[in-house]
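Subject: Structure for your review

Dear colleague,

Please find the structure below, together with its sequence. My account of what was found in it follows.

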Amino acid sequence: MTHKVAVLGTGKIGEALLSGMIRAGWAPADLLVTARRPERAEELRARYGVTPVTNPEAAKTADTLILTVKPQDMGTLLDELVPHVPADRLIISGAAGIPTSFFEERLAAGTPVVRVMTNTPALVDEAMSVISGGTHATAGHLAHAEEIFGAVGKTLRVPESQQDACTALSGSGPAYFFYLVEAMTDAGILLGLPRDKAHELIVQSAIGAAVMLRDSGEHPVKLRENVTSPAGTTINAIRELENHGVRAALIAALEAARDRSRELASGKKD
């Protein structure tokens, strides 16, 4: 038997997911897409061979519905889907801050819901996708979500109570690194380097450091100490970072992101 999957609201992340699934062996004929603009839907058909449908058609036809619209649009989408979603459909939500209970209260009793927080490195198959099951989601449903999102990176199961913290760390996480690279590039310019050379130095250093963190098995403190010679350049830089409270600022920033995720879950928009 074939298993049809529909990606609803197919933007950049939804398209990355489609592309990854196809590379992982999913048949385009088993993949459905919806998009706000008809020309966008046709673009996806031409590019991947998938089938554009309406949201109600997706709800009636697909076995798994992946909802990739923005959090503020989720209520409207769900209102459109509710009359057409049987209780045996698997609903996977990729919307930040929206708990599985939001869906369970609106859908037919017993509908399985899985919440996934992924991030933009899905565009280059390096996503970190955090997966939590709702009240009616089984181990099989979670494994299916892992199979789908594993096509664009790594997956990690956590209790839903930890989703807001994961949103702060990995969902928003790439932005913090982009911000740091931006600041370090500006510093390179201040030190007399052309922007393109400063950018190349910082980006490759970031890639190398990330691979070492992933592959070495060493604690980040150990890796940092390996670069930090007594009375050298690195320890002087570290001292200034500590003097300016960079560590405390990062902790405060992550707490702010977690708190905003909680506000979104409660329905607060601004």
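Leucine 250 is located in helix 12, which comprises residues 246-266. Please note that this is a predicted model. The relative accessible area of leucine 250 is 48%, so this residue is classed as partly exposed, the range for that class lying between the buried limit of under 20% and the exposed limit of over 50%. Together with Leu241 and Val246, Leu250 forms a nonpolar patch on the surface, and the accessible area of these residues together is about 240 Å².

A contrasting case is alanine 127, which belongs to strand 7. Its relative accessible area is 3%, and alanine 127 is therefore buried. Leaving aside residues up to four places away in sequence, alanine 127 touches Thr118, Asn119, Pro121, Ala122, Val152, Gly153 and Lys154. The C-alpha atom of alanine 127 is separated by 9.4 Å from that of glycine 171, although the two residues are 44 residues apart along the chain.

Strand 7 is part of an open sheet of eight strands, whose order is 3-2-1-4-5-6-7-8 and whose pairing is mixed. Strand 3 (51-52) and strand 8 (153-157) are the edge strands, each of which pairs on one side only. Within the sheet, strand 5 (residues 90-93) and strand 6 (residues 113-117) run parallel and are joined by three bridges. Isoleucine 92 has valine 114, in strand 6, as its bridge partner.

Helix 4 (residues 74-81) packs on this sheet, where it touches strand 1 (5-8), strand 4 (64-67) and strand 5. The direction of helix 4 makes about 155° with that of strand 4. Helix 6 (residues 139-149) lies across strand 1, strand 4, strand 5, strand 6, strand 7 (127-133) and strand 8. With respect to strand 8, helix 6 runs at about 160°.

As regards the protein chain as a whole, there are 12 helices and eight strands. Its C-alpha atoms fill a box of roughly 65 × 40 × 35 Å along the principal axes. The chain has 270 residues, of which 36% count as buried. The accessible surface comes to about 15100 Å², and 59% of this belongs to carbon and sulfur atoms. Among contacts between residues at least 6 apart in sequence, 62% join residues at least 24 apart.

With kind regards

Technical notes. Residues are numbered from 1 along each chain as its sequence is written. This is a predicted model: local features need pLDDT of at least 70, side-chain atom pairs count only at pLDDT 80 or more; totals for chains, interfaces and linings use all residues. Side-chain values use heavy atoms; hydrogens and water are left out. Two strands pair if DSSP finds at least two bridges between them. Helices (H or I, at least four residues) and strands (E, at least two) are DSSP runs, numbered from the N terminus. Contact means heavy atoms within 4.5 Å. Axes are lines fitted to C-alpha atoms, for helices over the stretch in contact, and angles run from 0 to 180 degrees between N-to-C directions. Patches are made of residues with over 30% relative accessible area and no salt bridge: like charges are joined within 9 Å, nonpolar side chains (Val, Leu, Ile, Met, Phe, Trp, Tyr) within 5 Å. Accessible areas come from the Shrake-Rupley method with a 1.4 Å probe; for residues, only the protein chains shown count as cover. A salt bridge is a side-chain nitrogen of Lys or Arg within 4 Å of a carboxyl oxygen of Asp or Glu. Buried means under 20% relative accessible area, exposed over 50%, partly exposed in between (1.4 Å probe, protein chains only).
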